[in-house]
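Subject: Structure handover and notes

Dear colleague,

I am passing on the structure we spoke about, together with notes on what was found in it. Please read the notes with the structure open beside you.

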Amino acid sequence: MVALGVACVMPFAGSQLTTNPSFLPAVLALVCMADSLTSWLLYQQFLSGGPSRYALVASAYLFSAAMVVAYALAFPGVVTHHGPLARV
């Protein structure tokens with residue numbers, strides 16, 4: 001099945017797609033929102049009497065959301081042309 005899929009896209013291997021500058025910020029915003037929502041839901045489960053491991057996993061998701069924001073600030077072209085943290 002994989003070989004069939006590879007054979008179908010092989011004729012297009014040399015063509016380059018156009019760039020879309022708004023794709024990466026949109027994906028990063030989606031990931032940040034999904035991580036934040038997951039973290040909030042896990043914290044709510046913990047506060048309603050769930051096991052303490054829910055708080056630990058929720059903290060990991062919150063850290064992941066913070067790292068996505070830091071990545072967006074450091075990646076050139078997402079916020080500014082060179083990235084606001086590029087010279088740090």
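Which pattern does the protein chain follow when read along the sequence? Please bear in mind throughout that this is a predicted model. The pattern of the protein chain is α-α-α, and its secondary structure amounts to three helices and zero strands. The protein chain is more spread out than a compact globule, because its radius of gyration is 19 Å, well over the 12 Å that the globule rule gives for 88 residues. The C-alpha trace spans about 55 × 45 × 20 Å along its principal axes. Of the 88 residues, 14% count as buried, and among the contacts with a separation of 6 or more, 37% are between residues 24 or more positions apart.

Turning to the interior, the largest nonpolar core has six residues, namely Leu28, Cys32, Ala65, Val68, Ala72 and Val78. At least two residues of this core come from helix H2 (23-47), and at least two from helix H3 (53-74), with H3 giving the largest share, three residues. As a general background to this, nonpolar side chains in soluble globular proteins tend to be buried together.

Helix H3 deserves a closer reading. With 22 residues, H3 reaches 31 Å from its first C-alpha to its last, which is close to the 32 Å expected at 1.5 Å a residue. The buried residues of H3 are Ala55, Ala58, Ala65, Val68 and Ala72. Because these residues cover an arc of only 135° around the axis, they lie on the same side of H3. What they pack against is H2, whereas Arg53, Leu56 and Phe63 are exposed on the other side of H3.

Arg53 can be taken a little further, as a residue found in helix H3. Arg53 has a relative accessible area of 58%, and since the cut-off for exposed is over 50%, Arg53 counts as exposed. The C-alpha atom of Arg53 is separated by 9.4 Å from that of Leu42, although the two residues are 11 residues apart along the chain.

On the side of H2, two residues may be worth inspecting. Ser39 has its place in helix H2 and is buried, with a relative accessible area of 1%. When its neighbours within four places in sequence are left aside, Ser39 is in contact with Ala58, Tyr61 and Leu62, and Ala58 is one of the buried residues of H3. Cys32, which belongs to the largest nonpolar core, is in contact with Ala65, Val68 and Val69 once its neighbours within four places in sequence are left aside; Ala65 and Val68 are members of that core as well.

How many disulfides does the structure hold? The structure holds zero disulfides. As for the cysteines themselves, Cys32 has a relative accessible area of 17% and is therefore buried, the cut-off being under 20%, whereas Cys8, at 49% relative accessibility, counts as partly exposed, because exposed would require over 50%.

With best wishes

Notes. Residues numbered from 1 in each chain as written. Predicted model: local features only at pLDDT ≥ 70, side-chain atom pairs only at ≥ 80, totals over all residues. Heavy atoms only, no water. Core = buried A, V, L, I, M, F, W, Y, C linked by side-chain atoms within 4.5 Å. Buried < 20%, exposed > 50% of the residue type's maximum accessible area, 1.4 Å probe, protein only. Helix = DSSP H or I, 4+ residues; strand = E, 2+ residues; numbered from the N terminus. Contact = heavy atoms within 4.5 Å. Expected span 1.5 Å × (residues − 1). Arc of directions from axis to C-beta. Disulfide = S-S within 2.5 Å. Rg over C-alpha atoms; globule rule 2.2 N^0.38 Å.
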